[in-house]
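The following exercises are to be worked with the sequence and the coordinates at hand. Each task is followed by a solution that goes step by step.

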Amino acid sequence: MEMAVDKTQFHVLAVDDSLIDRKLIERLLKTSSFQVTVVDSGSKALEFLGLNDDEHEQRDSNSDEDQDHQDLGVNLIITDYCMPGMTGYDLLKRIKKSSCFRDIPVVIMSSENIPSRINRCLEDGAEEFLLKPVQLSDVNKLRPHLMKARSNERLFDQH
Amino acid sequence: MNHMAIAALKTQRRNLVQSMFDEGVLDNQFNQLQDLQDSSNPNFVEEVIALFCNDAERIITELNRYLNDQNVDFSKLDSYVHQLKGSSSSIGAYRLKLACVNLRQASEERNKEECAGAFNSIRREYYVVRSKLQVLMQLERHIVNLENQQ
């Protein structure tokens, strides 16, 4: 009963220092037909993307290379807020500072309902803030952000 | 004969789960976990529970160690309780989660005695949920075995 047309697979990068939560988010995302990569820290996430912890991106500043991030095909980053070392907020800021990755939607998860924290994340570019434990219904909220980002990508893809 | 055995086991399982909900040992998050299990991931719940128990026991050992120090490192304590609270919440271990909230509170107040009491509650609640979940998993396996023999 599925339309062959738009079974677009989205690739989500999930970041969480908790082993149990990593297992959960992976299952939640896969159940919702996302392709998933899970890492246990912000720095591993940056490493996966090919970014470096520093201010400066280690990639060649050859502008043709800017399209490389599409080969990785990360369409959304979902990260826990409270992590040792680099917090989810730090990761958010780092992604938004990157010319290659700033357009990738970032979603933050937290077990703590702290309005000032939520507002700060949203103001600084997070698409959504999800309270843990994350439910299937929360994951379903992600798809519109991904569809929007993809259509924006196509809009700017003028060759 | 197997039909009756399976039905009896399923009743036992249903009653056990219901009692765990009624007593607040589990909350709705446990249902969410079960919903994520399917034929492509038939052992999901059991795997999550196993991970949870390993993690919880590690943390309880650490908490015990820190609480027995002359000068309790309350921030280290808090960091561990935060982890346990998170994973308890993730699997739906409701009363255990509440016990963690109490320890965080006591830790924030730097009250060593209250921390000790709260920690005992954590340990107690952990062993309650663990033993009931172990029975539940045994029932599940038994049911699956009998069903596979059909």
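**Exercise 1.** Does B:Tyr66 count as buried or exposed, and at what relative accessibility?

Solution. The model is a predicted one, and the assignment rests on a cut-off, since buried means under 20% relative accessible area. B:Tyr66 has a relative accessibility of 12% and therefore counts as buried. Its neighbour in sequence enters the picture as well, for B:Arg65 lies over the face of B:Tyr66, at 5.0 Å from the ring centre.

**Exercise 2.** Determine how many aromatic pairs the whole structure holds, and describe the geometry and the setting of the one formed by B:Phe52 and B:Tyr126.

Solution. Step one is the search, which over all chains returns three aromatic pairs. Step two is the geometry: the centres of B:Phe52 and B:Tyr126 are 6.3 Å apart and their planes enclose 55°, a tilted arrangement. Step three places the rings in the chain, with B:Phe52 in helix α3 (residues 44-67) of chain B and B:Tyr126 in helix α6 (residues 112-149) of chain B, so that the pair ties together parts 74 residues apart in sequence. Step four adds the surroundings: both B:Phe52 and B:Tyr126 are buried, and together with B:Tyr127 they form one aromatic cluster.

**Exercise 3.** Classify the pair of B:Tyr66 and B:Tyr80 from the ring centres and planes.

Solution. Planes under 30 degrees apart would count as stacked and those over 60 as edge-to-face. The planes of B:Tyr66 and B:Tyr80 stand at 35°, with the centres 5.9 Å apart, so the pair is tilted. It links distant parts of the chain, given that B:Tyr66 belongs to helix α3 of chain B and B:Tyr80 to helix α4 (residues 74-91) of chain B, 14 residues apart. B:Tyr80 is buried too, with a relative accessible area of 14%.

**Exercise 4.** Explain why A:Cys121 has no bond to the closest cysteine sulfur.

Solution. The search of the whole structure finds zero disulfides over all chains. For A:Cys121 the closest cysteine sulfur, in A:Cys82, is 10 Å away, which is too far for a bond. A:Cys121 is buried, at a relative accessible area of 0%. In chain B, B:Cys53 is likewise in no disulfide, the nearest cysteine sulfur being that of B:Cys100 at 13 Å, and B:Cys53 counts as buried at 12% relative accessibility.

**Exercise 5.** Summarise the secondary structure and burial of chain A.

Solution. Chain A comprises seven helices and five strands, in the order β-α-β-α-α-β-α-β-α-β-α-α from the N terminus. Of its 159 residues, 47% count as buried.

How values were computed. Residues numbered from 1 in each chain as written. Chains lettered and ligands numbered in written order. Predicted model: local features only at pLDDT ≥ 70, side-chain atom pairs only at ≥ 80, totals over all residues. Heavy atoms only, no water. Helix = DSSP H or I, 4+ residues; strand = E, 2+ residues; numbered from the N terminus. Buried < 20%, exposed > 50% of the residue type's maximum accessible area, 1.4 Å probe, protein only. Disulfide = S-S within 2.5 Å. Phe/Tyr/Trp six-rings, centres within 6.5 Å; stacked < 30°, edge-to-face > 60°. Lys NZ or Arg CZ within 6 Å of the ring centre and 35° of its normal.
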